[in-house]
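Reader: Hi! I would like a close look at the empty spaces in this protein. Could you walk me through them slowly?

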Amino acid sequence: MRNMLVTGGAGFIGSNFIRHALVYTHINKLVNLDLLTYAGSLSNLAGLETDPRYQFVQADIRSRELVQNLLLEHQIDTLVHFAAETHVDRSIRQPEIFIESNVLGTFQLLEAARQAWDGSFSGKRFHHVSTDEVYGTLAAGEPSFSETTPYNPRSPYSASKAGSDHCVRAYFHTYGLPVTISNCSNNYGPYQYPEKFIPVIILNCLMGEIIPVYGDGRQIRDWIYVEDHCRGILRILEDGQPGETYNLGGGNQPSNLEVLEQICAIMDRKRPGSPHVPHHNLLRFVIDRPGHDRRYAMDCRKINAALGWQPEENLASGLEKTVDWYLDHMDWLLAVARDEKYRTWIQTQYKEES
Ligand code: NAD
Ligand code: TYD
């Protein structure tokens, strides 16, 4: 039975993780600490309010004393750290908050854990959720990223995640804090905020808006269904070794254009009467992202051999489920799409660049 603190649990992966963990593990108590930035919403956790094991705290991970008090008050033994600024395009426009939340925030959490657990680290775990983007970019044919690939971040987002990963490792080596790190590839699935590519495609198909494709659209990502990522984190919490890093990926490498075509084909099939069929006609090439990483690919042999983890969804099955989820949760999607904060972002990011 665990007492768990999850940071960033009102965001995309964090909310999926909380739902998953409450079903699949023995949890005594789960405290979700989230600042509720534009990316976090309590609607992502609807239905959990009545679960006696679950509690929400609206706070900033940079509030070290508050976090320390939570760790002590709830006798937290397991901290799973998702909270971060996460969108590369926003990091290009406003890098400072990425350094603040991702680097400084992670540092404050590490300090809070070190002090609250006060050298009594037995049975404790600080799990840090990171990204494949810290490894940089791959050319076609280059081998996938492994856990020993040197860090080479190229956007303010990935640099801030790399900085936080380094801090987490330093706390293991210097203080013996029992940390684990997972570096995962691009996630997709329910509750993803429609600033990221896959929900942008789905939303714009539904609204008949243009689907912006950066540059030539031949960039490659390794897409993982979010539930597979959540299962991987739980496996690491169960049997991962302190001090170790584990790479997770979906095991596929489509180009952005291929992803767009697959989703548009699903939409054509599921919405045959839509005036926007064929949906791929909504595609527009727009100016490329500065420093756009060309290709990511993950070598997941370590977690497979050590913990028996592998993804269960393939891209076709995962995209089908994802589109179904958004079609079944149009209220969630339209609430975000009509929100002033979202409209402002779309206006800033796309209207002046197309
Ligand atoms: P998200 O943007 O959907 O959610 C982030 C959450 O963190 C939000 O709920 C937000 O309110 C909260 N938050 C931000 N700053 C905070 C602060 N200072 N204090 C407290 N809460 C704060 O992000 P996501 O896509 O769910 O990503 C979660 C984690 O997984 C991040 O650390 C990200 O780097 C990592 N990751 C994401 C992906 C991906 O494809 N989305 C892939 C690999 C790793
Ligand atoms: P994104 O979902 O932002 O994830 P990341 O940048 O972290 O990989 O983008 C995925 C890919 O899709 C990336 O190559 C950028 C591209 N992209 C577009 O072509 N158009 C868009 O509107 C967005 C948001 C992304």
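Author: Here is a tour of the pocket and the cavities, followed by a pair of helices.

This is a predicted model, in which local features need pLDDT of at least 70 and side-chain atom pairs count only at pLDDT 80 or more, while totals for chains, interfaces and linings use all residues. Residues are numbered from 1 along each chain as its sequence is written, chains are lettered from A and ligands numbered from 1 in the order in which they are written, and side-chain values use heavy atoms, with hydrogens and water left out.

Rolling a probe the size of a water molecule over the atoms shows where empty space is left. On a 1 Å grid over the protein atoms alone, a cavity is a set of points where a 1.4 Å probe fits but cannot get out, and a pocket is an open set with protein on both sides within 12 Å along at least five of seven lines; lining residues have an atom within 4 Å of a point. Grid points are joined across faces, edges and corners, and a volume is the space filled by probe spheres set on the points.

Let's start with the largest pocket, whose volume is about 270 Å³. It is lined by 15 residues, and those closest to its centre are Tyr38, Gly40, Ser41, Tyr193 and Val336. Helix α11 (residues 330–338) contributes the most to this lining, with three residues; helices here are DSSP runs (H or I, at least four residues), numbered from the N terminus. By class, the pocket lining has eight nonpolar, five polar and two charged residues. Ala, Val, Leu, Ile, Met, Phe, Trp, Tyr, Cys and Pro count as nonpolar, Asp, Glu, Lys and Arg as charged, and the others, Gly among them, as polar.

Now for the enclosed spaces: the structure has two cavities of 30 Å³ or more. The second largest cavity has a volume of about 40 Å³. Around it are Val88, Glu133, Ser155, Arg289, Pro290, Gly291, His292, Asp293 and Tyr296. That lining splits into three nonpolar, three polar and three charged residues.

Finally, here is a place where two helices meet. Arg64, Val67, Gln68, Leu71 and Leu72 in α2 touch Phe107, Gln108, Leu109, Glu111, Ala112, Ala113, Gln115 and Ala116 in α4, where contact means heavy atoms within 4.5 Å. Sorted by class, this contact of α2 with α4 has eight nonpolar, three polar and two charged residues.
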